[in-house]
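Student: I have a model open and want to go through its side-chain contacts. Let's take it topic by topic.

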Amino acid sequence: KVDEVRHQIDRQIGQSVRDGGQKLSEMEVRMARIEDDLRAQGTLLRAREEALRVLRQAVIRATQGRAGSPGLGRGKSGARPMQAGDGASGEPEGVHKEYEDARKVLERKDYRSAIEKFEKFIDKHPKSKLADNAQYWVGESYYALKKFDRAILEFDALGRKYPKGDKVPAALLKKGFAFAEMGGKRMARLILQKLIDRYPKSQEAAKAKRKVKALES
């Protein structure tokens with residue numbers, strides 16, 4: 001009887017240990033998800049604070065009556081090679097030249113100067129067919145400078161201001177990448193999945209699928 005009782009106790013202890021280990025693993029997974037959410041929320045909060053700061057500066061400049069149309073400090077860097085579709089037919093020669101001048105600065109990887117030039121272009125020509133491209137390169141420049149929170153803000157602005165622009169898929173892709181760089185894997189997956197669902201046949205969707213798999217591994 002003593003042996004039988006001892007056997008039952010050992011079995012119960014073993015089961016308790018296994019159950020405890022399983023619960024601990026589940027708790028670790030939940031904690032990891034919570035940490036991802038907190039990082040993502042922190043990023044969005046910083047981005048909103050930066051947006052408010054930029055708007056305050058713009059109001060101050062406007063009230064001072066400063067000549068010209070200065071940029072709103074969207075400054076973003078981290079550019080990638082230029083892509084087809086950046087050009088726009090029907091644009092006045094002067095407008096197109098301003099855009100190309102900014103691109104040349106970007107190609108030299110002078111990201112801060114490129115940000116300033118693209119921002120001035122957007123403020124001066126908000127209705128231009130090239131405005132959404134300029135907004136995208138601002139975000140890319142910030143990404144190159146590893147200012148991922150600002151990059152997220154700029155890519156988000158592109159989607160809001162130019163929802164039908166041809167740079168929207170690329171902006172979603174890099175927005176997801178930026179969250180991943182900051183450790184917000186869950187938010188990155190959500191954004192990349194949004195890209196895949198909305199633009200399933202795009203080149204960006206194919207890249208997003210590969211990134212999602214990498215984040216899940």
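Tutor: One term before we begin. Buried means under 20% relative accessible area, exposed means over 50%, and partly exposed lies in between. Keep in mind that this is a predicted model.

Student: Salt bridges, then. How many are there?

Tutor: The count comes to eight. Glu116 and Lys120 make one of them, with their closest N and O atoms 3.2 Å apart.

Student: Where do Glu116 and Lys120 sit relative to each other?

Tutor: They are four residues apart in helix 3 (residues 111-124), so about one helical turn separates them.

Student: What is the exposure of Lys120?

Tutor: Lys120 has a relative accessible area of 39%, which makes it partly exposed. Glu116, at 42%, is partly exposed too.

Student: And Arg150 with Glu154, what is the N to O distance there?

Tutor: That salt bridge is 3.8 Å from N to O. Arg150 and Glu154 are four residues apart in helix 5 (residues 148-161), so they too are about one helical turn from each other.

Student: Are Arg150 and Glu154 buried or exposed?

Tutor: Both are buried.

Student: Which residues are linked in a network of salt bridges?

Tutor: Asp156, Arg160 and Lys175 are. Within that network, Asp156 and Arg160 meet at 3.2 Å, N to O. Both belong to helix 5, four residues apart. Arg160 counts as exposed because its relative accessibility is 54%. Asp156 is at 30%, so it is partly exposed.

Student: Switching to pockets. What lines the second largest one?

Tutor: The lining includes the network residues Asp156, Arg160 and Lys175. Phe155, Leu172, Lys194 and Tyr199 are also among the lining residues. Helix 5, helix 6 and helix 7 each give two or more residues to it.

Student: What volume does the second largest pocket have?

Tutor: About 170 Å³.

Student: How do its lining residues divide into nonpolar, polar and charged?

Tutor: Six are nonpolar, one is polar and five are charged.

Student: Now the aromatics. How many pairs does a search of the whole structure find?

Tutor: Five. Tyr136 and Phe155 form a tilted one, 5.6 Å centre to centre, with 45 degrees between the planes. This pair links distant parts of the chain, Tyr136 in helix 4 and Phe155 in helix 5, 19 residues apart.

Student: Why does Phe155 count as buried?

Tutor: Its relative accessibility is 2%, so it counts as buried. Tyr136 is buried as well, at 0%.

Student: What about Tyr143 and Phe148, what kind of pair is that?

Tutor: Edge-to-face, at 5.1 Å centre to centre and 70 degrees between the planes. Tyr143 is buried, with a relative accessible area of 15%. Phe148 is buried at 12%.

Student: Which residues form an aromatic cluster?

Tutor: Tyr99, Phe118 and Phe121 form one.

Student: Last topic, the largest nonpolar core. Which members touch the most others?

Tutor: Of its 42 residues, those are Tyr99, Phe118, Tyr136 and Leu192. Among the elements that supply at least two residues each are helix 2 (93-107), helix 4 (131-144), helix 6 (168-181) and helix 8 (203-216). The largest share, nine residues, comes from helix 6.

Student: And Leu190, where is that found?

Tutor: In helix 7 (residues 185-198). Leu190 is partly exposed, at 47% relative accessibility. Its C-alpha lies 9.2 Å from that of Val212, and the two residues are 22 apart in sequence.

Key
Residues numbered from 1 in each chain as written. Predicted model: local features only at pLDDT ≥ 70, side-chain atom pairs only at ≥ 80, totals over all residues. Heavy atoms only, no water. Salt bridge = Lys/Arg side-chain N within 4 Å of Asp/Glu carboxyl O. Buried < 20%, exposed > 50% of the residue type's maximum accessible area, 1.4 Å probe, protein only. Core = buried A, V, L, I, M, F, W, Y, C linked by side-chain atoms within 4.5 Å. 1 Å grid on protein atoms, 1.4 Å probe; cavity = no way out; pocket = protein on both sides within 12 Å on 5 of 7 lines; lining within 4 Å. Points joined across faces, edges and corners; volume = space filled by probe spheres on them. Nonpolar A, V, L, I, M, F, W, Y, C, P; charged D, E, K, R; others polar. Phe/Tyr/Trp six-rings, centres within 6.5 Å; stacked < 30°, edge-to-face > 60°.
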